[in-house]
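Here are some notes for a colleague who has not yet looked at this entry. Please read them with the structure open.

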Amino acid sequence: MLTGCTILPLGPALAADCGSTAAPGLDWTDCTKRNIMIPGSELEGAKLFSTDFASTDLSNSNLKSANLEKATLVRASLAGAAAEKANFSKVEAYRSNFTGISAEGANFASAELQRSGFAKAKLTGANFEKAELGRADFDDAVLTGVRFSLANLSRADLSHATFEGPIIFDHAFMYLTRIEGLDLSAAQGLEQGQIELACGDAKTTLPAGLNPPSGWPCPPDDRDN
């Protein structure tokens, strides 16, 4: 039996300050910040877990090492943002604008990114494992060392992406994924079944042991369907 002990009540958990202005390290957990214009915001290391940024302009913002897990980014703009090592896991980001984002080492695992634009994005070492990337556009994006393991790349366009060394596709679903002109000779995890579903051309270079299907090249994709 314990005697002479005083049990102190636990203090209240620190609550997010949804009324605060953008600042490095702030806490906007579960806050609603939708349909607002806050381009150029300084949010490095911010706690943005489950924050609602739907249709918000965060272009050219500093999101380095910020935690946006489960945030809502539907139709939001992060164009030109600095987001190195940011956590975008499990975000909802349909039709969002990531054009020109610098997100080296960022985590997009299990993110919903259908029809989002990553043109000219710098994504070296980014993780898209189990991400939904149907019709995502990676035009001129840097994809060196990117992991697409178990990702859904249906109709995604990688055809003008650039990368050096390996890029990982193990168990990715690649139905009509555009890989025209890509040198995939160092790609890891690619199997013949994935190549049969994808869309390459005579300039697509495949890893040793894989062969281009007789159905290449695919017809042009109607991006509106």
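**Notes on the predicted model**

1. The protein chain carries 19 positive and 28 negative side chains, and the centres of the two sets lie 3 Å apart. Please keep in mind that this is a predicted model.

2. Regular secondary structure amounts to one helix and zero strands. The C-alpha atoms fill a box of roughly 80 × 50 × 30 Å along the principal axes.

3. Of the 225 residues in the protein chain, 45% count as buried. Among contacts with a separation of 6 or more, 6% are made by residues 24 or more positions apart. The exposed area of the protein chain is about 11,000 Å², with carbon and sulfur atoms supplying 52% of it.

4. Two disulfides are present. Counting bonded cysteines along the chain, their pattern is 1-2, 3-4.

5. One disulfide connects cysteine 18 with cysteine 31, at an S to S distance of 2.0 Å. This link of cysteine 18 and cysteine 31 is left-handed, with -85° about the S-S bond. Both cysteine 18 and cysteine 31 sit in the segment before helix H1 (192-197), 13 residues apart. Is each partner buried or partly exposed? Cysteine 18 is partly exposed, at a relative accessible area of 35%, whereas cysteine 31 is buried, at 1%.

6. The sulfur atoms of cysteine 199 and cysteine 218 are 2.2 Å apart and form a disulfide. Both of these cysteines, 199 and 218, belong to the segment after H1 and are 19 residues apart. The link of cysteine 199 and cysteine 218 is left-handed, with -90° about the S-S bond. Cysteine 199 and cysteine 218 are both buried.

Key: Residues numbered from 1 in each chain as written. Predicted model: local features only at pLDDT ≥ 70, side-chain atom pairs only at ≥ 80, totals over all residues. Heavy atoms only, no water. Helix = DSSP H or I, 4+ residues; strand = E, 2+ residues; numbered from the N terminus. Buried < 20%, exposed > 50% of the residue type's maximum accessible area, 1.4 Å probe, protein only. Contact = heavy atoms within 4.5 Å. Areas by Shrake-Rupley, 256 points an atom, 1.4 Å probe, with all protein chains shown as cover. Lys, Arg positive; Asp, Glu negative; His and termini not counted. Charge placed at Lys NZ, Arg CZ, Asp CG, Glu CD. Disulfide = S-S within 2.5 Å.
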